[in-house]
Structure formats: C-alpha cells, structure tokens
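Reader: I'm new to this structure and would like a close look at one part of it. Could you pick out a helix and walk me through what surrounds it, with a bit of context?

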Amino acid sequence: DVGCGFGGTIASLNERFSGLKMVGINVDIRQITRARELVIPQPANSIEFVQAAAENIPLPDNSVDTMLAVESAFHFDRPEFFAEAKRLLPDRGSLTISDFVISDSALEYLKDYDLFADEGIRSSYGHVDLSWSLPRYQQLAADNGFKVTDTIDITRQTLPTYDFLYAHTASLPAAWQDPHFLRATRMLEKSSRKGLMQYAIVRFEKT
C-alpha cells in the first residue's frame, strides 16, 4: 500500500482476509510511527510499515503481487512511480489506484486556476498534480508495460466528503480557518459536480 498514511487500508485488509503479507509505504515518518502503533496484524497475517518515497521503494524486484495507492497517487511523480511498479510487480501483477481523473476538455480550465501553485494551498493539501486524464494514464501504462483493465467512477460516493470538510473547518477557531484550503476545496467540488473531473478507481495489469 503506497502512500499508506496511518495504515487505514491495511487495517481494513487485515480485518477481512488472512494469509496476507502486507507492506505499507509512506514518506512521512510520523504517519509510519502512528500506523505501527494502530495496526496490529491478525495471527495469519504479517504487516510491515516502511518509510520511503513512492518513487523509490526498498523492496526487491518482482517481490509484490499487488500494489495499491489509495488517495495518494496525486502526490506522486507518476512516471517514476509507474517505473517502480514495473520493477516490483511480476507479469500479471496488478496496480490499483484511486485518483482525480481529469476530462480532456477540463485540462486547460484547471490549468488557468493554478491553485496548487499557491503556497497556502500546498500547506493544506501538499503537492497535488491534477493533470492526469484517462488517455494520459493509458499511455503511461503502455510505456511501462501495463494495461488499464478497469475504471470505476466513484465521484458520486465521494461528494459528501466536501460537506464534512466544510463543517469541520467551520468548527475550528477563526484563526485556524484557512481561506486557501476553502478555495481549493471549493474548486475540487465544483470541478467534480460539473463533470470536469471524476474520482475514479483505476486498475492496471502488468502485461
């Protein structure tokens, strides 16, 4: 699980399946430390949390059956990450990500906003690259020996997140309410509701 954060995805897999050897990768040692405290492997599973960048994972070649990047791929250098996935996965191995997938017609629209060049927004969301359309992903996959096998649009299911974020922000002291965060979040919500981008699960298979 690349970009595992506090280990939520691994915790869910750990609760539902047995016989798994799972590795969580995250660049932030604070999140890795917390994940190690929170997620205890079931008796038939093993879990390891490793501090590393998504583009440089300290595991041997062809050592992973399945890779996940849940709500994290938009922080990565995609070409370098896919090159690393190619190295780690055997033939028929799978990579599944969830990401904002931009419509081709929206690329210029979003570029005009350039919100994520703003330091205040980067402090809220970090570095986020919102320039990947499905055709661009398909080309990246082909360049690295993958093919797209499935795409599921889950935008509708994610829209309630925005109301939660606004409510949470409104509950904070005024001094903690970041206008940059609200501006970026409103841009994401507007783009999602207007169909300029979708939040999608995309599965790739190494061919």
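Author: Here is a walk through helix α3, with the whole chain as a backdrop and a few other spots to set beside it. Keep in mind throughout that this is a predicted model.

Let's start with the backdrop. The chain has nine helices and six strands. Its radius of gyration is 18 Å, close to the 17 Å that the globule rule gives for 207 residues, so the chain is as compact as a globular protein of that length. If you lay a box along the principal axes, the C-alpha trace spans about 45 × 40 × 30 Å. Of the 207 residues, 42% count as buried. Sequence neighbours won't tell you much of the story here: among contacts with a separation of 6 or more, 79% are between residues 24 or more positions apart.

The outside can be put in numbers too. The chain exposes about 11,200 Å², and carbon and sulfur atoms supply 53% of that area. There are 21 positive and 28 negative charges, and the mean positions of the two sets are 3 Å apart.

Now for the helix itself. Helix α3 covers residues 78-88, and two of its residues make good viewpoints: phenylalanine 82 and glutamate 84.

Take phenylalanine 82 to begin with. At 0% relative accessibility, this residue counts as buried, because the cut-off for that label is under 20%. What does phenylalanine 82 touch, once neighbours within four places in sequence are set aside? The list is Leu95, Tyr137, Leu140, Ala141, Asn144, Phe146 and Phe204. For a sense of distance across the model, pick lysine 194: it sits 112 residues from phenylalanine 82 along the chain, and their C-alpha atoms are separated by 30 Å.

Glutamate 84 is on the same helix, α3. Is glutamate 84 buried or exposed? With 9% relative accessibility, it counts as buried. Leaving out neighbours within four places, glutamate 84 is in contact with Ala54, Glu55, Asn56 and Ile57. One of these links can be pinned down to atoms: the side chain of glutamate 84 reaches the backbone nitrogen of isoleucine 57 at 2.7 Å. Asparagine 144, which we met as a contact of phenylalanine 82, turns up again here. Asparagine 144 is 60 residues from glutamate 84 in sequence, while the C-alpha atoms of the two are 9.5 Å apart in space.

Just before the helix in our tour comes the loop between β3 and α3, which holds glutamate 71. This glutamate is exposed, at 53% relative accessible area. Its phi is near 55 degrees, a positive value in a residue other than glycine. Asparagine 62 makes a nice companion to look at: its phi is positive as well, about 55 degrees, and it isn't a glycine either. You'll find asparagine 62 in the loop between β2 (46-51) and β3 (66-69), where it is partly exposed with a relative accessible area of 49%.

Strand β3 is home to alanine 69, which is buried, with a relative accessible area of 0%. Beyond residues up to four places away, alanine 69 touches Val2, Phe76, Phe81, Thr96, Ile97 and Ser98. Arginine 183 gives you a far-off marker: it lies 114 residues from alanine 69 in sequence and 26 Å away, C-alpha to C-alpha.

Two last stops, for comparison with the helix. In helix α1 (residues 8-16) there is isoleucine 10, which counts as buried at 1% relative accessibility. Its contacts, with neighbours within four places left aside, are Asp1, Met22, Val23, Gly24, Val39, Ile47 and Phe49. Serine 98, which alanine 69 touches, is 88 residues from isoleucine 10 along the chain, with 15 Å between their C-alpha atoms.

The other stop is serine 133, found in the loop between α5 (119-125) and α6 (134-143). Being in a loop doesn't put this serine on the outside: it is buried, with a relative accessible area of 4%. Apart from neighbours within four places, serine 133 is in contact with Val101, Ile102 and Asp104.

Notes:
Residues numbered from 1 in each chain as written. Predicted model: local features only at pLDDT ≥ 70, side-chain atom pairs only at ≥ 80, totals over all residues. Heavy atoms only, no water. Helix = DSSP H or I, 4+ residues; strand = E, 2+ residues; numbered from the N terminus. Rg over C-alpha atoms; globule rule 2.2 N^0.38 Å. Buried < 20%, exposed > 50% of the residue type's maximum accessible area, 1.4 Å probe, protein only. Contact = heavy atoms within 4.5 Å. Areas by Shrake-Rupley, 256 points an atom, 1.4 Å probe, with all protein chains shown as cover. Lys, Arg positive; Asp, Glu negative; His and termini not counted. Charge placed at Lys NZ, Arg CZ, Asp CG, Glu CD. Polar contact = N/O pair within 3.5 Å; in protein donor to acceptor, adjacent residues only side chain to side chain.
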